[in-house]
Protein chains: 4
Amino acid sequence: MTVTPEQQAEIEELRSHPHQTLRVVSEGMEKHLYTAIPVLDHGFVRVIDYMGDDAAICQAARVSYGKGTKSVQNDEGLIRYLMRHWHSTPFEMCEVKLHVKLPVFVARQWIRHRTANVNEYSARYSILDREFYMPAPDQINAQSVVNNQGRGDLLSPEDTARVLEMLKGDAARCYDHYQTMIDEDGIGLARELARMNLPANIYTQWYWKVDLHNLLHFLRLRADAHAQFEIRVYADAICKVVADWVPFAYRAFEDYRMGAVTMSSQMMDCLRRMLSGETVTAETSGMSAREWREFQQVLEG
Amino acid sequence: MTVTPEQQAEIEELRSHPHQTLRVVSEGMEKHLYTAIPVLDHGFVRVIDYMGDDAAICQAARVSYGKGTKSVQNDEGLIRYLMRHWHSTPFEMCEVKLHVKLPVFVARQWIRHRTANVNEYSARYSILDREFYMPAPDQINAQSVVNNQGRGDLLSPEDTARVLEMLKGDAARCYDHYQTMIDEDGIGLARELARMNLPANIYTQWYWKVDLHNLLHFLRLRADAHAQFEIRVYADAICKVVADWVPFAYRAFEDYRMGAVTMSSQMMDCLRRMLSGETVTAETSGMSAREWREFQQVLEG
Amino acid sequence: MTVTPEQQAEIEELRSHPHQTLRVVSEGMEKHLYTAIPVLDHGFVRVIDYMGDDAAICQAARVSYGKGTKSVQNDEGLIRYLMRHWHSTPFEMCEVKLHVKLPVFVARQWIRHRTANVNEYSARYSILDREFYMPAPDQINAQSVVNNQGRGDLLSPEDTARVLEMLKGDAARCYDHYQTMIDEDGIGLARELARMNLPANIYTQWYWKVDLHNLLHFLRLRADAHAQFEIRVYADAICKVVADWVPFAYRAFEDYRMGAVTMSSQMMDCLRRMLSGETVTAETSGMSAREWREFQQVLEG
Amino acid sequence: MTVTPEQQAEIEELRSHPHQTLRVVSEGMEKHLYTAIPVLDHGFVRVIDYMGDDAAICQAARVSYGKGTKSVQNDEGLIRYLMRHWHSTPFEMCEVKLHVKLPVFVARQWIRHRTANVNEYSARYSILDREFYMPAPDQINAQSVVNNQGRGDLLSPEDTARVLEMLKGDAARCYDHYQTMIDEDGIGLARELARMNLPANIYTQWYWKVDLHNLLHFLRLRADAHAQFEIRVYADAICKVVADWVPFAYRAFEDYRMGAVTMSSQMMDCLRRMLSGETVTAETSGMSAREWREFQQVLEG
């Protein structure tokens with residue numbers, strides 16, 4: 001991660017001025033504010049602001065004047081009930097604003113989540129830094145042979161080296177040319193044009209603001225084992241932040257979303273037969289081969 | 001407005017416990033937190049939480065590490081520029097959460113603004129209070145004869161009295177029957193059914209959370225002279241809150257939205273001809289009669 | 001249902017003029033166009049327009065030039081795969097526009113689904129008809145004693161009669177007064193004011209347009225056994241329409257959403273223990289009493 | 001534009017099979033269906049499907065059973081009224097689905113419009129074609145000296161040649177390496193990794209579905225003179241399609257949006273003084289220097 005001394009000074013400056021507020025405060029979140037959590041080789045996640053805590057979820061669910069709760073225990077029970085029964089609106093009452101630095105190809109996946117607010121660093125207006133994502137050798141895999149959009153085995157050390165050489169060389173050359181093109185004392189090409197020469201592993205950054213319900217939806221999809229590694233590590237970093245911010249909601253999310261399994265009507269049918277002692281096979285299951293395989297994996301855990 | 005002593009005690013309790021936070025604080029907003037701003041006869045608006053201030057708009061626009069600004073003066077200039085040129089995303093970086101008590105027919109207009117988060121008091125689960133909106137005599141108007149969806153002159157005192165008598169009598173009777181139907185020691189009808197007997201002037205309440213950009217859009221439409229009076233008073237109350245919360249953004253909103261005028265291409269054409277000394281009439285304007293009338297009104301201000 | 005002869009003539013007129021189009025056509029949907037499917041005592045659902053069919057889902061998923069498919073069988077497999085793995089965007093590529101007539105208290109639940117387009121009949125501009133929902137006697141239940149927001153046993157015939165008498169009497173009186181207030185030759189009160197006297201069982205109507213993904217989400221929640229009966233019958237009617245429109249997508253929806261069960265991580269843990277022969281009880285399950293009860297219900301089916 | 005003979009055959013196949021439908025048909029749109037409108041050097045816009053026409057806007061605004069209109073003239077008047085008074089929901093009742101091929105850096109701007117449905121060609125799953133956007137020489141400009149995010153004068157022929165040489169060389173080399181990395185008989189790198197080496201001028205494609213209101217908002221911003229040329233040409237192409245699809249709505253859009261001017265309260269104040277004969281200068285205008293300049297430009301037209 002690249003945080004310059006100037007940037008570090010700005011972070012420390014921001015953390016050195018506590019204010020008084022009458023709003024609810026999440027102590028677990030205050031400790032994260034402004035600090036840069038490193039992700040990948042040059043990326044980070046920074047919490048810039050937040051609204052609400054576990055109690056605020058309950059307060060909104062009850063539409064109450066005051067804190068709307070009698071005990072902390074009641075709050076956890078209510079939150080688990082809301083999560084289990086897909087009551088999403090109380091979770092929308094918490095909000096978080098993040099500053100994220102991430103490779104462009106990750107940003108392109110991320111932005112597909114539309115229910116969020118975004119301000120991205122503008123390459124029409126500003127000059128991008130010379131920072132490219134280079135995968136660590138243990139993340140350079142072959143195309144999967146079982147999953148058409150995933151990774152399989154690691155490459156050989158030789159192929160890994162060749163890949164990195166190509167990635168590094170191309171990034172360097174493209175960035176050199178980018179600089180040459182925009183040089184105000186040279187060609188002086190418009191920035192909005194010059195940026196088209198930059199590969200998708202260059203880093204960009206944005207402010208991203210989202211409510212807790214939509215954030216958890218994002219995390220369910222992007223912290224999942226099937227998500228691409230490079231976005232998953234961002235989701236994993238954010239999961240830790242959310243666990244500190246709204247611990248009850250996060251635990252309910254783990255139990256009823258991340259660690260939960262959706263059983264189709266065919267799977268439920270098989271399950272009931274198995275629990276009553278019947279031996280069910282792929283043939284007698286009524287599922288396609290692919291679904292049966294997924295069912296077996298789920299039962300093994 | 002009906003705030004019971006218990007509710008008032010809850011509000012005072014909430015205002016008596018300042019916390020420390022590292023987040024940005026808007027002093028203008030802190031003074032509003034939790035207090036109930038009266039609207040109509042039993043309604044209110046309460047600020048429950050907020051995120052961001054004028055500086056946060058600039059910080060997001062600049063995607064910066066620190067406060068992202070050199071001077072307060074620069075901030076106002078940037079905010080005005082963003083507003084003038086329809087850059088909406090930086091304004092989405094502020095968020096506010098309100099607790100609102102309002103008549104159901106107002107709630108039905110309000111909810112049409114979809115880009116917000118809502119938790120409404122549930123009449124399936126809970127019992128609604130006996131509180132109905134009764135318009136003040138100076139708000140009881142005849143149907144407009146020029147605007148198909150607005151109000152015209154005041155009614156005569158006699159007709160006003162008749163209207164209020166009907167509204168009050170029907171509200172009382174409907175609520176009496178509602179109570180009779182749900183009485184657990186009597187009929188015990190399901191609440192989700194009994195509520196269908198309640199007229200649209202009964203009060204409901206909700207938590208409503210929205211970002212500043214979408215809030216300003218709501219205010220532009222609902223604080224407008226053509227909005228129905230009963231929702232406009234809520235918009236007016238919220239305008240005052242926003243002016244205290246983000247004064248630069250609010251002033252820009254007044255200048256470039258509320259006080260601004262959209263001139264059609266035909267209007268611009270007429271305007272240029274008029275400025276060059278030509279006398280333009282309805283006949284030579286190229287506008288429909290209705291547009292010409294609207295143009296004249298706009299020029300008079 | 002109240003469709004006047006004039007309205008029926010308009011429906012028949014619309015159905016009597018087939019046009020030529022190069023767009024994809026769903027034969028199953030053509031037969032529904034414009035006809036009024038009755039719901040409740042005066043309500044209906046009418047299909048006004050639609051876009052796409054099962055093949056269009058696949059075409060978008062493949063981002064292809066042509067139909068993007070080799071065989072109908074492949075299409076169904078792909079659709080089931082997309083549904084099972086929560087790929088929602090291809091389902092967003094189908095759209096439907098409905099004309100719905102429904103009681104106001106149902107409309108208030110319905111509108112909470114924000115990802116749709118709505119044009120509602122305006123009671124500021126127009127006069128509402130004298131049509132109120134009166135529940136059938138077999139839908140007049142007591143408040144549930146196990147579920148705080150549901151219905152329990154049927155009322156006694158006497159109490160049912162009392163409820164209907166109150167509902168009918170209040171609706172009639174409120175509507176009479178509404179008419180008296182807006183009478184242009186009498187009081188002439190503004191319509192936007194007079195409507196506040198109308199109870200929540202009066203019928204309204206709207207045009208509602210939504211994409212298939214969001215429609216299925218709506219149906220999952222509103223065709224569910226826990227939804228209020230009066231909205232569930234609308235959802236049920238729409239389910240039948242969708243089954244005719246996109247039969248592959250609908251069947252996948254039934255298997256992976258409506259008939260599916262979400263097992264929490266605790267439930268999965270118990271399940272694995274049970275399948276390996278262990279006897280798991282409420283005490284040894286690690287679940288709360290409520291969750292254990294829900295788990296038992298799910299296993300029984 | 002690159003449409004292969006196979007693709008052209010698919011387009012012709014699709015256009016050769018008219019179907020019967022009871023839905024409303026826009027003759028102006030039927031002629032566009034499936035054909036590829038060329039944009040930039042390899043891009044295109046294709047209309048895949050549409051819903052509604054001018055009459056459908058009026059029908060929804062009136063929430064009517066039938067066509068909801070007495071005359072075509074009434075329809076145009078109503079549409080103009082709706083547009084002028086910012087009634088957006090009736091325009092949401094029309095929908096269009098486009099297949100677009102566009103450079104990645106254009107796609108990144110485009111996707112910021114969140115109120116649309118998108119299915120993009122997946123570079124995790126599939127292999128991108130060797131097609132890169134190369135600006136025509138008359139579109140290779142220097143950074144603007146008056147606008148921080150725009151283009152200024154054309155470059156010299158020498159600098160233009162140098163820019164194109166760099167762009168072409170880097171695109172070719174990056175793509176060669178991309179191919180080498182993913183070669184299944186060679187390195188066999190996962191596609192989701194290899195794509196990070198591709199510059200932002202490579203072409204991608206997607207299905208994009210949007211309602212008319214949000215499409216017009218997109219066009220207002222992207223067909224504007226301040227939009228980057230490379231997205232503006234797509235917006236211009238779509239404008240022509242919309243003009244054929246919903247001619248009344250499009251004309252109203254031109255008059256009240258594209259050709260319209262928003263006058264701030266300060267501008268309106270100056271205007272009224274000028275029309276009453278006063279000579280207003282920058283100094284006496286009450287505007288900042290920048291706003292005054294914008295005001296002058298607007299008056300000149």
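**Close-ups of the A/B and C/D interfaces**

**View 1. Strand meets strand between chain A and chain B.** β1(A) is joined by 3 bridges to strand β1 (residues 19-21) of chain B, and the two run antiparallel. Look for Q20(A) here: its bridge partner in β1(B) is Q20(B). Keep in mind that this is a predicted model.

**View 2. The wider contact of chain A with chain B.** Zoom out a little and you have 54 residues of chain A in contact with 54 residues of chain B. Together the two chains bury about 5,100 Å², with 56% of it on carbon and sulfur atoms. Which three residues supply more of the area that chain A buries against chain B than any other three? They are L22(A), R23(A) and Y65(A), which supply 21% of it.

**View 3. A salt bridge from R23(A).** Here the side chain of R23(A) meets that of E30(B) in a salt bridge, at 3.7 Å from N to O. Across the interface of chain A and chain B there are 4 salt bridges, along with 26 residue pairs in polar contact, counting pairs with both residues at pLDDT 80 or more. Several elements of chain A each put at least two residues on the side that touches chain B, including α1 (5-15), β1 (19-21), β3 (43-51) and α3 (54-62). Sorted by class, that side of chain A has 26 nonpolar, 15 polar and 13 charged residues.

**View 4. Strand meets strand between chain C and chain D.** Now for the other pair of chains. β1(C) and strand β1 (residues 19-21) of chain D run antiparallel, joined by 3 bridges. What stands opposite H19(C) in β1(D)? That would be T21(D).

**View 5. The wider contact of chain C with chain D.** Chain C brings 54 residues to this contact, and chain D brings 54 residues too. Between them they bury about 5,100 Å², 55% of it on carbon and sulfur atoms. L22(C), R23(C) and Y65(C) supply 21% of the area that chain C buries against chain D, which is more than any other three residues.

**View 6. A salt bridge to R23(C).** E30(D) and R23(C) join their side chains in a salt bridge of 3.7 Å, N to O. The count between chain C and chain D is 4 salt bridges, and 26 residue pairs are in polar contact, both residues at pLDDT 80 or more. Among the elements of chain C that each supply at least two residues of the side touching chain D are β4 (95-103), β5 (117-120) and β8 (203-211). By class, this side of chain C has 26 nonpolar, 15 polar and 13 charged residues.

Notes: Residues are numbered from 1 along each chain as its sequence is written. Chains are lettered from A and ligands numbered from 1 in the order in which they are written. This is a predicted model: local features need pLDDT of at least 70, side-chain atom pairs count only at pLDDT 80 or more; totals for chains, interfaces and linings use all residues. Side-chain values use heavy atoms; hydrogens and water are left out. Contact means heavy atoms within 4.5 Å. Buried area is the accessible area (1.4 Å probe) that two parts lose on being put together, summed over both. A polar contact is a pair of N or O atoms within 3.5 Å; within protein, one must be able to donate a hydrogen and the other to accept it, and residues adjacent in sequence count only if both atoms are side-chain atoms. Helices (H or I, at least four residues) and strands (E, at least two) are DSSP runs, numbered from the N terminus. Ala, Val, Leu, Ile, Met, Phe, Trp, Tyr, Cys and Pro count as nonpolar, Asp, Glu, Lys and Arg as charged, and the others, Gly among them, as polar. Two strands pair if DSSP finds at least two bridges between them.
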